[in-house]
Amino acid sequence: VSRGDLMPTATLQPAFVLFLFANVDLGVGLGTLAPELCKTRICEVNALLTGAFQAVNGDPSERYASARTTASTQIEAAQHELVYGELSIPTMATILDAVGVYEGDSFLDVGSGDGALVLGAAMLFPHHLRISRGLELVPGLVERSNVHLDRVRPNLEVPVAFELGDVHSSEDTRIRHMLVDSTLGMCFATTWSAGNSDSGKRNSLQGRILPKLSVALSQMPKGARVVVVDGRLDCKDGYRWDGDLRIECPDTAPYSIASLYERS
């Protein structure tokens, strides 16, 4: 896997794209749609985060190795259940352009790692996001996220918050409030092959449906949009599938599929 910068530039190719922009339910109280991001701005944000993360972690490959070690040493899980990975800032930008970011949106990255996408979203959409938040299971990664947040805080116009917790913990009122308050969610589920099966099997790869995640995210409000990379939500839990986008980038070789859902 290439580690030439913080998050390598992705090449995206549409595959069976059915994103239905006109059908977004503005009942969640959203305003105007953000204009399409320009390449220059995406590169500026990517470069800024690359520099900030390198100042804290050194070489990008060292950052990645350190994040993986932090995850594996702080959480007891089988190797195939918890593997550190992330999307690139350019990939996220393309996905969010396709989904559409509206004035007043509240962004949530489920499994936010050390904070790159949460910070990237806040910088890319400073006049449209109301808040950008990350929910992460590993304590050390939340700590790293807050260190990174301190490094880039002068460049932020949007409130950013990182929370420690398990999205599947339905009894946690703090997490429930976060989900209820989020109108735009993202989950990089490429490595969520196990621990999400109701049947007790090793994984739930049949159709890539993640039943526990599907139930957890159903607490998001009607009209909220959810993007799941390499995973599927169950429409019986109150989702409408709006389309897929094929993503090609080093971390998800040979490619991944971003699936868009809307809470119905």
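**Strand β5**

I began with the two sides of β5: L184, M186 and F188 point one way, G185 and C187 point the other way, and all are buried. For "buried" I use under 20% relative accessible area, with exposed over 50% and partly exposed in between (1.4 Å probe, protein chains only). Note to self: this is a predicted model, where local features need pLDDT of at least 70, side-chain atom pairs count only at pLDDT 80 or more, and totals for chains, interfaces and linings use all residues. Residues are numbered from 1 along each chain as its sequence is written, and side-chain values use heavy atoms, with hydrogens and water left out.

β5 covers residues 184–188, and 5 of its 5 residues are buried, so I put it down as mostly covered. Helices (H or I, at least four residues) and strands (E, at least two) are DSSP runs, numbered from the N terminus.

Next I looked up the neighbours of β5. Two strands pair if DSSP finds at least two bridges between them. Strand β2 (residues 105–110) pairs with β5 in the parallel sense over 4 bridges, and D109 has M186 as its bridge partner in β5. β5 also pairs with strand β6 (residues 225–229), again in the parallel sense, over 5 bridges. There the bridge partner of C187 is V228.

**C187 and D230**

I stayed on C187, which lies in β5. Its relative accessible area is 1%, so C187 counts as buried. I also checked C187 against G231: they are 44 residues apart along the chain, yet their C-alpha atoms are separated by 8.6 Å.

What is the phi of D230? It is positive, about 60 degrees, although D230 is not a glycine. D230 sits in the loop between β6 and β7 (239–248). Its relative accessibility is 16%, so I log D230 as buried.

**Strand β2**

Back to β2, where 6 of its 6 residues are buried. D105, F107 and D109 are on one side and S106, L108 and V110 on the other, and both faces are covered. β2 also pairs with strand β3 (residues 129–136), in the parallel sense over 6 bridges. I noted V110 there, with L135 as its bridge partner in β3.

**Helix α3 and what it packs on**

How many of the 11 residues of α3 are buried? I get 9, so α3 is largely enclosed by the rest of the structure. The buried ones are I89, P90, T91, M92, A93, I95, L96, A98 and V99. After α3 comes G100, with a positive phi near 100 degrees.

For the helix pairs I wanted two values, as two packed helices are described by the angle between their axes and the distance between the axes. Axes are lines fitted to C-alpha atoms, for helices over the stretch in contact, and angles run from 0 to 180 degrees between N-to-C directions.

α3 (residues 89–99) and helix α4 (residues 116–124) have axes that come within 10 Å and cross at roughly 55 degrees. That makes α3 oblique to α4; under 35 degrees would be roughly parallel, over 145 roughly antiparallel, 65 to 115 roughly perpendicular, and the rest is oblique. The crossing is right-handed, meaning that the near helix is turned clockwise from the far one by less than a right angle, while anticlockwise would be left-handed.

I then listed the contact (heavy atoms within 4.5 Å): I89, M92 and A93 in α3 meet A116, L117, G120, A121 and L124 in α4. By class, that contact of α3 with α4 has 7 nonpolar, 1 polar and no charged residues. Ala, Val, Leu, Ile, Met, Phe, Trp, Tyr, Cys and Pro count as nonpolar, Asp, Glu, Lys and Arg as charged, and the others, Gly among them, as polar. For α4 itself, 9 of the 9 residues are buried, so α4 is largely enclosed by the rest of the structure.

Helix α1 (residues 39–57) was next: its axis and that of α3 come within 9 Å and cross at roughly 140 degrees. α1 and α3 are therefore oblique to each other, and their crossing is right-handed. From α1 I have I42, V45, N46 and L49 in the contact, and from α3 I89, P90 and A93. By class, this contact of α1 with α3 has 6 nonpolar, 1 polar and no charged residues.

**Whole chain**

Last, the totals. I find 7 helices and 8 strands in the chain. Of its 264 residues, 53% are buried. Among contacts between residues at least 6 apart in sequence, 76% join residues at least 24 apart.
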